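Student: Please take a close look at the aromatic side chains in this model, and then at how two of the helices pack.

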Amino acid sequence: MQNLYKIIFLFIIGFSAQAQELLSLEDAVKIALENNYDIKIAENNSKIDATNNNLANAGMLPSLNANFTNNNSQLDTKQTQGDGTVRELDGAKNMNLTYGVGLDWTIFDGLSMFARKEQLNVLEQQGKAELQTAILTRISDVYTTYFDLVQQQQVLASIDTAIVISNQRLTTAQNRFSIGKASKLEVLNAQVDLNSDLSLQLRQKELIKISKIRLNELLVRDIQTDFKVTNEVTFEQNLDFNELKSTAEKQNPQLQAQILSKKVADLNLKQVKGNRYPTVRVTSGYNFTRSEASLGFITQSSGQGFVYGVTATVPIFNGFLQNKNEKVAKYQVENAGFLLEQQKLSLSSQLSSLYASYQTNLELVKVEEKNVEIAKQNLDITLAKFKIGTITTIEFRTAQQNFVEAAVRYSNAQYVTKLSEINLKELAGTLKLN
């Protein structure tokens, strides 16, 4: 197989005249983690959830406010005293000024504040799970695109090999024609087949360029950045289904997010039920007051000092809204439970399907590897016979195409197997991120 690999990778893009950076998979993952916009957005959303998780948002802390009120009036005033005396003043001025600080603190609300704080904790955890989902999804895309590019380069190498052989065939046909041992038709057929291979090469180079653009987009860098990737696809051959399933049940970020969504719904129900209980609020403050009046018994007064009080509100009747709100919250809890079970079933189904595909593809890789060896031996024998003129050009072209097709199938089998492995690890939450 060493000679085969030398042929397959002889004309790989890495040998082009233009210098290209070798982009390893580890470097690609690192760049994506640093630059990818979806990951950055998910990180900020997670930070928002963490910032919102505080006692103030839960309603556990008091609010302290400074207040200032200044009311003025200027009225034509007429006052009749108790003894019948009448006092009149046009444009009487009145002023009331109040300023100070006030404290407002809800000390009991049916324990809803504690449910809200716990809910904020869960939402922060959910944000972390969603961040992990975003990271795994985007890094999985990087893995997939990277190995797709590897596979595309291997296909190009197979086509390049076919071009080398087609050139040899054309040269042989021209030599035989020049000494009268072959017809012009044989030369023309060889030229047509060479042109067909060159056309395939151009199309394959286009596919490689598109794959590079896609990978550069995932890495958030100049999409025209040129590079080359490794030539080999390696994959694990001993993934255990039971181990994957057990790990996925503990680490799959989508499943964990759904579990947390169920907790959020439970806590929301607790908050709604808390509205059945009294609400107790404490108020306090320190105020300054001043008032002036142009007409009256007291023309000026002022004061300062503490004010405080307690307010209790007991819900009695609100048009049966409490019962309806609780019923809605219970339905939401039930739906969250259904979604959780659905997510578990979907995860199990995906794991089973992907693992079956993974096992099949492992065997397929072995079969296609043997096919490449056989096709290579057949091509070597056919080429030797063609040079001495014991077989037809059609037989030679068939052997050549069989070899290229076998090499492409082998490359595709490796890629599909790697894709199954990547998807399994993504579901299990074990995809390597460094």
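Tutor: The aromatic pairs come before the helix packing here.

This is a predicted model, in which local features need pLDDT of at least 70, side-chain atom pairs count only at pLDDT 80 or more, and totals for chains, interfaces and linings use all residues. Residues are numbered from 1 along each chain as its sequence is written, and side-chain values use heavy atoms, with hydrogens and water left out.

Rings of Phe, Tyr and Trp (its six-membered ring) pair if their centres lie within 6.5 Å; planes under 30 degrees apart count as stacked, over 60 as edge-to-face and the rest as tilted. The count by this rule is nine aromatic pairs. In one of them, F68 and Y99, the ring centres are 6.5 Å apart and the planes stand at 35°, so the pair is tilted. This pair joins distant parts of the chain, with F68 in strand β2 (residues 63-80) and Y99 in strand β3 (residues 86-108), 31 residues apart. Helices (H or I, at least four residues) and strands (E, at least two) are DSSP runs, numbered from the N terminus. F68 is exposed at 58% relative accessible area, while Y99 is partly exposed at 35%; buried means under 20% relative accessible area, exposed over 50%, and partly exposed in between (1.4 Å probe, protein chains only). F68 and Y99 also belong to one aromatic cluster with Y286, F288 and F306.

Y355 and Y358 form a tilted pair as well, because their ring centres are 5.8 Å apart and their planes are at 40°. Both residues are in helix α9 (residues 321-387), and being three residues apart they are separated by about one helical turn. Y355 and Y358 are both buried. Helix α9 also holds K344, which is partly exposed with a relative accessible area of 38%.

Two lysines lie over ring faces: K184 over F177, at 5.5 Å from the ring centre, and K212 over F227, at 5.4 Å. The criterion is NZ of Lys or CZ of Arg within 6 Å of the ring centre and within 35 degrees of the ring normal.

As for the helices, α5 (residues 112-178) packs against α8 (residues 253-274) at an angle of about 165°, with the axes 9 Å apart. Axes are lines fitted to C-alpha atoms, for helices over the stretch in contact, and angles run from 0 to 180 degrees between N-to-C directions. The two helices, α5 and α8, are therefore roughly antiparallel (under 35 degrees counts as roughly parallel, over 145 as roughly antiparallel, 65 to 115 as roughly perpendicular and the rest as oblique).
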